[in-house]
Amino acid sequence: MPQEQTLSLIKPSSVSANQIGGIINKFEKGGLKVVAMKMLRLTENQARDFYDVHRGKPFFDELISFMTTGPILAQVLEGENAIQKNRDIMGSTNPAEAAPGTVRAEFAHSMTENAVHGSDAPETAETEIAFFFEKKDIYSNI
């Protein structure tokens, strides 16, 4: 399997609930390495730009509102098959359907407040990582 990078966001509800360490621990125990990280608070425009793929969907405004309620933790995770591995560790978008032991089963509150975001494909990962990080800020062996 090839080494990959993926974007991971820890959402405002998990940041404010002091769940950052527990969530990162799941990623690291799952074989992913944190190669970049920063905490920031998205502006409404940044959130709208980042989630533009969902514009026009019924949940879009609620998602934007939620993502601007407090700081998020953006990180780049790296490892073999990192995109799929991250998605497996996160669990189903709906926490009620997430497998036991996944991030969303343990830390999420609802579909919107589902603790984390992760890239869904190599092209998406590249775009999403570039949204938050410059290449010089990523400490990778790839």
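Student: Why is aspartate 137 called partly exposed?

Tutor: Its relative accessibility is 28%. With a 1.4 Å probe and protein chains only, buried means under 20% relative accessible area, exposed means over 50%, and partly exposed lies in between. The value of 28% therefore places aspartate 137 in the partly exposed class. This is a predicted model, in which local features need pLDDT of at least 70 and side-chain atom pairs count only at pLDDT 80 or more, while totals for chains, interfaces and linings use all residues. Residues are numbered from 1 along each chain as its sequence is written, and side-chain values use heavy atoms, with hydrogens and water left out.

Student: What makes lysine 136 and aspartate 137 a salt bridge?

Tutor: A salt bridge requires a side-chain nitrogen of Lys or Arg within 4 Å of a carboxyl oxygen of Asp or Glu. The N to O distance between lysine 136 and aspartate 137 is 3.2 Å, so the criterion is met. Lysine 136 itself is exposed, because its relative accessible area is 59%. Elsewhere, salt bridges with shared partners join Glu44, Arg48 and Asp61 into one network.

Student: How do you know that arginine 48 and glutamate 44 are about one helical turn apart?

Tutor: They lie 4 residues apart in helix H3, which means a separation of about one helical turn. Helices are DSSP runs of H or I with at least four residues, strands are runs of E with at least two, and both are numbered from the N terminus. The side chains of arginine 48 and glutamate 44 meet in a salt bridge at 3.0 Å, N to O. Arginine 48 is partly exposed at 22%, and glutamate 44 is partly exposed at 46%.

Student: Which residue forms a salt bridge with glutamate 106?

Tutor: The partner is lysine 26, with the closest N and O atoms 2.9 Å apart. This pair links distant parts of the chain, glutamate 106 being in helix H6 (residues 103–107) and lysine 26 in helix H2 (residues 20–29), 80 residues apart.

Student: Why is glutamate 4 described as having no salt bridge?

Tutor: Lys and Arg count as positive and Asp and Glu as negative, whereas His and the chain ends are not counted. The nearest side chain of opposite charge, lysine 85, is 9.0 Å away from glutamate 4, so the distance condition fails. Glutamate 4, in strand S1 (residues 3–10), is nevertheless buried. Its side chain reaches the backbone nitrogen of alanine 82 at 3.0 Å.

Student: What makes the side chains of serine 119 and glutamate 128 a polar contact?

Tutor: A polar contact is a pair of N or O atoms within 3.5 Å; within protein, one must be able to donate a hydrogen and the other to accept it, and residues adjacent in sequence count only if both atoms are side-chain atoms. The contact between serine 119 and glutamate 128 is 2.6 Å, so the distance lies inside the limit. Serine 119 counts as buried because its relative accessibility is 0%.

Student: Why is the pair of phenylalanine 50 and tyrosine 51 called edge-to-face?

Tutor: Rings of Phe, Tyr and Trp (its six-membered ring) pair if their centres lie within 6.5 Å; planes under 30 degrees apart are stacked, over 60 edge-to-face, and the rest tilted. The centres here are 4.9 Å apart and the planes stand at 90 degrees, so both conditions hold. Phenylalanine 50 is buried at 9%, as is tyrosine 51 at 4%. Ring pairs also link Phe50, Tyr51, Phe131 and Phe132 into a cluster.
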